[in-house]
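Trainee: I should like to take a close look at the aromatic ring pairs in this structure. Could you describe how they are arranged and where they sit?

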Amino acid sequence: MEIIIQETPEVATDVAARAVARLFQEKPNAVLGFATGSTPLLLYRALIAMKLDWSRITTFNLDEYIGLPIEHPQSYHSFMWTNLFQHVGIPKKNVHIPDGNAKDIPQSCALYEQQIRDAGGIDLQILGIGTDGHIGFNEPTSSLASRTRIKTLTPQTRQDNARFFASEAEVPNHVITMGIGTIMEARQNLMLAFGANKAQAIAEAVEGPITSLNPASILQMHPDAKVFLDADAAAQLKRSEYYRWVYDNKPDWQHL
Ligand code: PGA
């Protein structure tokens, strides 16, 4: 795990955006995994501003609410098209987001896994982290080997996400999410976390034991996981001085 701590979300995002842009150069037909929520918004703005060539890029999103019509403003379909896809000219057929309105959800989850395999696997996955340590919507106690499937949101996550809805009662209880096993197969994982409300989940994920009680902690087992933090999200890390030193003293040949 590589921990990159910058003072502000803007600077941390710039570093992450450069790592994503490098993949566009190295592999113009890359497969990218995307996340929703407040955290990646700055990254999406940065990627739009970079005017990259998205014509051969394929994308898979982490998750989607079950039962929200895709045109609902809070569906993750709406979120992704509004905040990223409509601005970058990606062909619609290259975009994959779990179908929260599928008649046969287990079958649609199996198909999603097949589509990821058919695309050659995910080269780079963007992740946020929940205040309860979730990645995707893999809530605490999710199997660390899980695949794309239905999950039930915790009261904490529904409360956290209520800010996007008229009331907490409107937040769906159920979601489809890529599994932790699915996320662990991405060749690179970039996790972003900003703000003091993420500090505890980040400290547990980075420095705590690997446990399904903090699903993000499994990234300690990933061969290429980077964690981009602002100072507030890094505030509870015990070894932050070391992480800062490592980043500031990277050899020239060792780019992010
Ligand atoms: P947030 O959500 O970016 O809105 O804080 C993160 C997450 O739930 O993964």
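Mentor: What follows is an account of the aromatic pairs, with two of them taken in detail. The model is a predicted one, and a search of the whole structure finds 12 aromatic pairs in it.

One of these is formed by Phe34 and Tyr44, whose rings meet edge-to-face, with 5.4 Å centre to centre and 90° between the planes. Phe34 belongs to strand 2 (residues 31-34) and Tyr44 to helix 2 (residues 41-49), so this pair ties together parts that are 10 residues apart in sequence. As for their surroundings, Phe34 is buried, at a relative accessible area of 1%. Tyr44 is likewise buried, its relative accessible area being 0%.

Another pair joins Tyr76 and Phe79, and this pair too is edge-to-face, at 6.5 Å centre to centre and 75° between the planes. Here both residues lie within helix 3 (residues 76-88), where a separation of 3 residues corresponds to about one turn of the helix. Tyr76 has a relative accessibility of 8% and counts as buried because the cut-off for that class is under 20%. Phe79, at 12% relative accessibility, also counts as buried.

Beyond individual pairs, there is a cluster to consider. Ring pairs link Phe24, Phe34, Tyr44, Trp54, Trp81 and Phe85 into a cluster. Phe34 and Tyr44, the edge-to-face partners from strand 2 and helix 2, are thus among the members of that cluster.

Conventions:
Residues numbered from 1 in each chain as written. Predicted model: local features only at pLDDT ≥ 70, side-chain atom pairs only at ≥ 80, totals over all residues. Heavy atoms only, no water. Phe/Tyr/Trp six-rings, centres within 6.5 Å; stacked < 30°, edge-to-face > 60°. Helix = DSSP H or I, 4+ residues; strand = E, 2+ residues; numbered from the N terminus. Buried < 20%, exposed > 50% of the residue type's maximum accessible area, 1.4 Å probe, protein only.
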